[in-house]
Amino acid sequence: MNQAIALESQTIAGWGMAVGGASQVVAPTSKEGLAAALAYAADHGLRVALRGSGCSYGDAACGTGKLVIDLAQFHQILDFSPQTGILRGEAGVTLRQVWQTAVAAGFWPPVVSGTMAPTLGGAASMNIHGKNAYAVGPIGEHIQALEVMTPGGQLLEVSRQQRPDLFHAIIGGAGELGLITRVDLKLKPIYSGKLNVHATSAPNFGALLDRFVQALPSSDYAVAWLDAFATGRALGRGLIHTARQLAQGEDPDAKNTLQVQQQELPLHLMGVFPKAAMWRLMKPFAHPAGMRLINWAKYQSGRWLEDGKDYQQSHGAFHFLLDYVPNWKWIYRPHGLVQHQSFVPDDRVREVFPAILALCHKHGMPSWLAVLKRHRPDPFLLSHGLDGWSLAQDFPVTPRNREALWEMCHQMDELVMNAGGKVYFAKDATVRPASVLQAFGAEKLLQFKALRDELDPNGLLATDLYDRALAPAIALAQAADCQAK
Ligand SMILES: Cc1cc2nc3c(=O)[nH]c(=O)nc-3n(C[C@H](O)[C@H](O)[C@H](O)COP(=O)(O)OP(=O)(O)OC[C@H]3O[C@@H](n4cnc5c(N)ncnc54)[C@H](O)[C@@H]3O)c2cc1C
């Protein structure tokens with residue numbers, strides 16, 4: 001225990017449990033406490049990593065050998081207007097708190113991730129996207145203003161009107177420019193607690209993409225699951241789920257379906273089996289043959305039982321599928337998992353994603369869980385958004401495959417970046433600096449550096465991801481810039 005601030009030694013890992021290390025952790029409860037933590041780090045030569053709920057798969061919220069500032073104690077919803085749908089929350093407010101506050105008034109977060117655990121600060125810092133990214137962009141497009149504490153302890157208000165350069169860089173800035181202390185988010189109106197869902201199966205990647213594209217104009221949300229174990233003519237086969245919001249007056253039972261308890265995920269399977277124990281049932285399948293079987297069974301059941309079907313689902317059940325089985329990631333224990341999410345322009349997707357799936361087969365490491373989404377470009381500085389598609393793939397890590405897996409991820413990055421694609425820091429554990437440079441370009445990285453020099457001249461903020469990938473990419477950009485001059 002330190003005299004000035006309450007420090008705790010902890011191992012801080014990424015959500016995927018495959019990267020991270022020993023850190024000093026502090027969880028302040030006031031802005032004064034935050035400023036004191038920053039001052040303590042500066043005085044003791046410690047660098048600082050910011051952390052929300054720690055849902056980033058890789059090392060984006062890790063601070064090995066550093067001071068990790070945990071912002072989870074900033075969990076007050078400061079204001080919510082049922083007239084405008086604008087919610088003002090401290091940085092540690094979670095997406096779960098946001099929808100629980102707003103749903104009965106007929107509002108839902110404009111963008112949510114596959115889990116409701118992320119904080120507003122973490123969501124803004126990574127500029128998260130949802131299954132509606134193609135229609136409404138990432139969460140940053142719905143943020144009206146931020147309050148930010150600089151590493152020097154000064155409070156700034158940033159928005160599209162006030163320091164728009166900072167607004168567009170801090171959103172998606174991976175916690176390297178300042179500490180977000182407050183987020184003003186505009187929620188979207190909903191007129192029912194249910195969504196109309198449509199399920200479609202597709203026997204290969206070409207058909208999957210065609211059916212996905214066809215469904216987009218009439219859908220508010222769209223996502224596809226791929227059986228990454230399928231090969232040959234079945235490569236990229238999968239199931240598409242699209243959803244449409246109900247219009248005003250369409251749900252005669254809206255008052256009831258909009259109640260919080262209607263959106264909560266059930267704690268028991270079929271009313272009996274506790275879901276908290278379900279990961280234990282899945283664990284015996286946590287090897288390539290078991291996952292091949294599970295992916296095959298999921299595809300076949302979707303094809304035979306669900307194809308072409310319409311049904312209704314609560315917003316919570318549709319969006320937070322990954323919260324359905326608590327702690328499912330524990331099937332990847334003890335060495336964890338990494339996720340690789342490739343973002344590829346629309347005009348290259350039919351070539352690059354099949355090549356990526358085939359590459360994983362060539363390496364003998366097909367993904368255990370693969371998910372496809374459609375995206376659109378956005379105005380944020382280090383954005384992963386583009387007019388294209390993303391393919392997120394989970395891979396188990398073992399001491400034996402670790403080196404080969406990292407190498408395979410680098411090869412996927414080459415395919416992605418050579419096609420004009422992007423990397424998404426929230427998911428990343430493996431990208432190399434040269435790929436980051438290729439993804440964002442020297443000009444944007446140098447703009448980011450200029451803002452960092454202004455807000456954090458002593459370079460106090462530095463997650464493990466920053467040291468591994470972003471800082472060396474900025475150095476490469478500087479070298480390229482010097483050479484060009
Ligand atoms: C099961 C699962 C499903 C997911 N699905 C999606 C998805 O569909 N779409 C998607 O986009 N993402 C998805 N994610 C990723 C997740 O949404 C992001 O990683 C998000 O940033 C996590 O928020 P967090 O509060 O946990 O932040 P953390 O992971 O703790 O931190 C994220 C980043 O924000 C920084 N940071 C945290 N708080 C602050 C703050 N107050 N001020 C400044 N910087 C801060 C950290 O330094 C770090 O760089 C998923 C993650 C999981 C585990």
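## Where H15 meets H16

Let's start near the end of the chain. Ala442, Leu445, Leu446, Phe448 and Lys449 of H15 touch Ala473, Ile474, Ala477, Gln478, Ala480 and Asp481 of H16. Sorted by class, that contact comes out as eight nonpolar residues, one polar and two charged. This is a predicted model, so everything here is read from predicted coordinates.

Two packed helices are described by the angle between their axes and the distance between those axes. Here, H15 covers residues 442-455 and H16 covers residues 464-484; they pack at about 115 degrees, with axes 9 Å apart. Since 65 to 115 degrees counts as roughly perpendicular, that is the label H15 and H16 get relative to each other. As for handedness, the H15 and H16 crossing is left-handed.

## The chain as a whole

Stepping back, the chain carries 16 helices and 20 strands. Along the principal axes, its C-alpha atoms fill a box of roughly 65 × 55 × 45 Å.

How does the radius of gyration sit against that of a compact globule? For 485 residues such a globule would come in near 23 Å, and the chain has 22 Å, so the two agree.

## The four-stranded sheet

Close to the start of the numbering there is an open sheet of four strands, ordered S1-S2-S4-S3, with mixed pairing. S1 and S3 (48-51) sit at the edges with a single partner strand each, so one side of each has no neighbour in the sheet. From one strand to the next, the twist averages 45 degrees. Helix H1 (residues 31-43) packs on this sheet and touches S2, S3 and S4, and its direction makes about 175 degrees with that of S4.

The mixed pairing is easy to follow strand by strand. S1 (residues 8-13) and S2 (residues 20-26) run antiparallel and share six bridges, with Thr11 standing opposite Ala22 of S2. S2 also pairs with S4 (residues 67-70), this time parallel and over three bridges. In that pairing, Gln24 faces Leu67 of S4, and Val25 faces Val68 of S4.

## The seven-stranded sheet

Further along is an open sheet of seven strands, in the order S17-S12-S14-S13-S19-S20-S18, and here the pairing is antiparallel. Its edge strands are S17 (310-314) and S18, each pairing on one side only. The twist in this sheet averages 25 degrees from one strand to the next. Two helices to look at here are H6 and H10. H6 (residues 205-215) packs on the sheet against S12 (194-202), S13, S14 and S19 (369-374), with a direction about 5 degrees from that of S14. H10 (residues 288-306) also packs on the sheet, touching S12 and S14, and its direction makes about 110 degrees with that of S12.

Now for the pairings, beginning at the S17 edge. S12 and S17 are antiparallel and share five bridges; one pair to look for is His198 with its bridge partner Asp310 in S17. On to S14: eight antiparallel bridges join S12 to S14, and Val197 stands opposite Ala243 of S14. S14 (residues 238-245) in turn runs antiparallel to S13 (residues 221-226), joined by six bridges. There, Ala224 has Ile240 of S14 as its bridge partner.

## Backbone oddities

Most residues other than glycine have a negative phi, and most peptide bonds are trans. Against that background, a few spots are worth a click. Met17 takes a positive phi near 65 degrees in the S1 and S2 hairpin, which has six residues between its strands. Arg163 has a positive phi of about 50 degrees although it isn't a glycine; Arg163 lies in the loop between S9 (155-159) and H5 (164-170).

And which peptide bond is cis? The bond from Arg333 to Pro334 is, with omega near 5 degrees. Pro334 lies in the loop that runs between H11 (315-319) and S18 (337-345), and S18 is one of the edge strands of the seven-stranded sheet.

Note on methods: Residues are numbered from 1 along each chain as its sequence is written. This is a predicted model: local features need pLDDT of at least 70, side-chain atom pairs count only at pLDDT 80 or more; totals for chains, interfaces and linings use all residues. Axes are lines fitted to C-alpha atoms, for helices over the stretch in contact, and angles run from 0 to 180 degrees between N-to-C directions. Angles under 35 degrees count as roughly parallel, over 145 as roughly antiparallel, 65 to 115 as roughly perpendicular and the rest as oblique. A crossing is left-handed if the near helix is turned anticlockwise from the far one by less than a right angle, and right-handed if clockwise. Two residues are in contact if their C-beta atoms, placed from the backbone, lie within 7 Å. Ala, Val, Leu, Ile, Met, Phe, Trp, Tyr, Cys and Pro count as nonpolar, Asp, Glu, Lys and Arg as charged, and the others, Gly among them, as polar. Two strands pair if DSSP finds at least two bridges between them. The radius of gyration is taken over C-alpha atoms; the globule rule is 2.2 Å times the number of residues to the power 0.38.
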